[in-house]
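Trainee: Got a minute to go through this one with me? I'd like to start with how the helices sit against each other.
Mentor: Sure, pull it up.

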Amino acid sequence: MTTAVIPTSVSGTDDLSVWPASTTRLAHGGLAVAGVDLAEVAERFATPVYVLDEGEVRERCRTYRAAFPEAEVLYAAKAFLSRAMARWVQEEGLGLDVCSAGELELAVVAGFPPERIVLHGNAKSPRDLDSALRLGVGRIVIDSPSEIARIAAAVGPYGHQKVMVRVVPGISAGGHDKIRTGTDGQKFGLSLTDGSALHAVARVLAQPQLELTGLHCHIGSQITAVKPYLTALRRMVGLMARIRDAYGRVLPELDLGGGHGIAYRPGEATLDITALARKLRDELIEACAAAGLPVPRLAVEPGRAVVGPAGVAVYRVLAVKHAGDTVFVAVDGGMSDNPRPALYGVRYAPRLIGRASAAAPRTATVVGRHCEAGDVLAAGVELPGDIRPGDLIAVPVAGAYHLSMASGYNMVGRPPVVAVHEGTVRLLVRRETLEDLSRRDIGA
């Protein structure tokens, strides 16, 4: 599915700066990603449809490997995971961070080495732990005191499992209250300030079958400044020094999580990964020297920053409605395939594709098809004044937390995922059908 393009790449211009770098304008007013016309994708696979640029994913993985050559880079699977995604990440040299048996087992079925996988989760189920131990994950991150005894019992007296302790360093960072996870008073981790983290470390060290390899923290998501990470690093190194002084144990690993911010609309701030890596490395060396500690191996866990900008969601307009001064453009998807605007108030920059329009732009609100007033995909955006039913709308930066958070609301079925790469397109995840939904309902 290749198509002719205007030979001017538009990635980096104001209107398409948040699109995949391979995005090009087409002569008829459409857009191509990786040489594939998005309108042709919509015709072939129907809408809504997620389009994922394989080359963009791989390039972003390489950017992290180049920025953090001596660190462990773990892709956060919660952002988006499929068998193809697991393969791409593995081939580019990244490890994997999973939060459930489902994510873990899918990755292993896809051939991902379990020893390069870390299992997270504030409330790990028996199946989560059973799968992790059975498959031999590299690390389990302990998130609460009760997990220590549960994991030790599951490992057995003659078993062995590497673990880390998740610490809450008391830092508020992130783009929304619901995604700030580094402060006390929320469900994740063990507090540094009240001594819970240090107490948990003592309990882990008392379990001979558990090997404490290091400390972990994750301070939030959509963070665009380096400073919060530097503050977290200093506090974590301070705790490592206290562990050495109290228990004689020098920990060889420090995982600072992810949460690296990206732009969803042109002009928004992003986290400079190269600057982050350089400053973290310098700060780690300085803090460890001051504490008399050897420098631990650093780990980071990007998810959104790897896959988010590589994805585009394509919808078809079903209705255009004028209500007073507001123009509602209703599409064939909505909060079932992208709940993020309703959850976090995130804002996108949708665009008409598939045809050229000479109409003057006007402010519109793109809404979904679901029976909720909060089913709004993009409020107060500029779209052509002649937008009409049947048109196609594409939403960039749709690779992260769209399919992974999609629901079965109104039983419309989750969209498919197709990959585009060097002028070719292939189906990665098929559309969820009514038959799929009905098959689960076995009641009389």
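Mentor: Start with α5 and α6, which are oblique to each other. Keep in mind that this is a predicted model.

Trainee: At what angle do the axes of α5 and α6 cross, and how close do they come?
Mentor: They cross at roughly 45 degrees. The axes come within 11 Å. Helix α5 covers residues 126–135 and helix α6 covers residues 145–155.

Trainee: Is the crossing of α5 and α6 right-handed or left-handed?
Mentor: Right-handed, with α5 passing α6.

Trainee: Which residues make the contact?
Mentor: From α5, Pro126, Leu129 and Leu133. From α6, Arg150, Ile151, Ala154 and Val155.

Trainee: And how does the contact of α5 with α6 split by class?
Mentor: Six residues are nonpolar, one is charged and none is polar.

Trainee: OK, next pair. What angle do α2 and α3 pack at?
Mentor: About 35 degrees, with the axes 9 Å apart. Helix α2 runs over residues 54–67 and helix α3 over residues 83–91. Here α2 passes α3 in a right-handed crossing.

Trainee: Which side chains should I click on for α2 and α3?
Mentor: In α2, pick Glu54, Val57, Arg58 and Cys61. They meet Met85, Arg87, Trp88, Val89 and Glu91 of α3. By class, that contact has five nonpolar and four charged residues, with no polar ones.

Trainee: Which residues of α3 are buried?
Mentor: Ala84, Met85, Ala86, Trp88 and Val89. Just after α3, look at glycine 93, which takes a positive phi of about 90 degrees.

Trainee: Switching to rings. How many aromatic pairs are there?
Mentor: A search of the whole structure finds two. One is tyrosine 64 with phenylalanine 68, a stacked pair. The centres are 6.3 Å apart and the planes differ by 10 degrees.

Trainee: Are tyrosine 64 and phenylalanine 68 buried or exposed?
Mentor: Tyrosine 64 is buried, at 2% relative accessible area. Phenylalanine 68 is buried too, at 3%.

Trainee: How are tyrosine 264 and tyrosine 348 arranged?
Mentor: Edge-to-face. Centre to centre is 5.4 Å, with 85 degrees between the planes.

Trainee: Where do tyrosine 264 and tyrosine 348 lie?
Mentor: Tyrosine 264 is in the loop between β12 (253–255) and α9 (273–291). Tyrosine 348 is in the loop between α11 (340–344) and β16 (351–353). So the pair ties together parts that are 84 residues apart in sequence. Tyrosine 264 counts as buried at 2% relative accessibility, and tyrosine 348 counts as buried at 2% as well.

Trainee: Now the backbone. Which peptide bond is cis around proline 48?
Mentor: The one from threonine 47 to proline 48, with omega near -5 degrees. Proline 48 is in the loop between α1 and β4 (49–53).

Trainee: What is phi for alanine 46?
Mentor: About 70 degrees, so positive, although alanine 46 is not a glycine. Most residues other than glycine have a negative phi, and most peptide bonds are trans. Alanine 46 is in the loop between α1 and β4. At 36% relative accessibility, alanine 46 counts as partly exposed.

Trainee: And methionine 411, what is its phi?
Mentor: Near 55 degrees, again a positive value in a residue other than glycine. Methionine 411 is in the loop between β19 (392–396) and β20 (417–421).

Trainee: Last one. Is glutamate 43 buried or exposed?
Mentor: Exposed, at 59% relative accessibility. Glutamate 43 is in helix α1, residues 38–45.

Conventions: Residues are numbered from 1 along each chain as its sequence is written. This is a predicted model: local features need pLDDT of at least 70, side-chain atom pairs count only at pLDDT 80 or more; totals for chains, interfaces and linings use all residues. Side-chain values use heavy atoms; hydrogens and water are left out. Rings of Phe, Tyr and Trp (its six-membered ring) pair if their centres lie within 6.5 Å; planes under 30 degrees apart count as stacked, over 60 as edge-to-face and the rest as tilted. Buried means under 20% relative accessible area, exposed over 50%, partly exposed in between (1.4 Å probe, protein chains only). Helices (H or I, at least four residues) and strands (E, at least two) are DSSP runs, numbered from the N terminus. Axes are lines fitted to C-alpha atoms, for helices over the stretch in contact, and angles run from 0 to 180 degrees between N-to-C directions. Angles under 35 degrees count as roughly parallel, over 145 as roughly antiparallel, 65 to 115 as roughly perpendicular and the rest as oblique. A crossing is left-handed if the near helix is turned anticlockwise from the far one by less than a right angle, and right-handed if clockwise. Contact means heavy atoms within 4.5 Å. Ala, Val, Leu, Ile, Met, Phe, Trp, Tyr, Cys and Pro count as nonpolar, Asp, Glu, Lys and Arg as charged, and the others, Gly among them, as polar.
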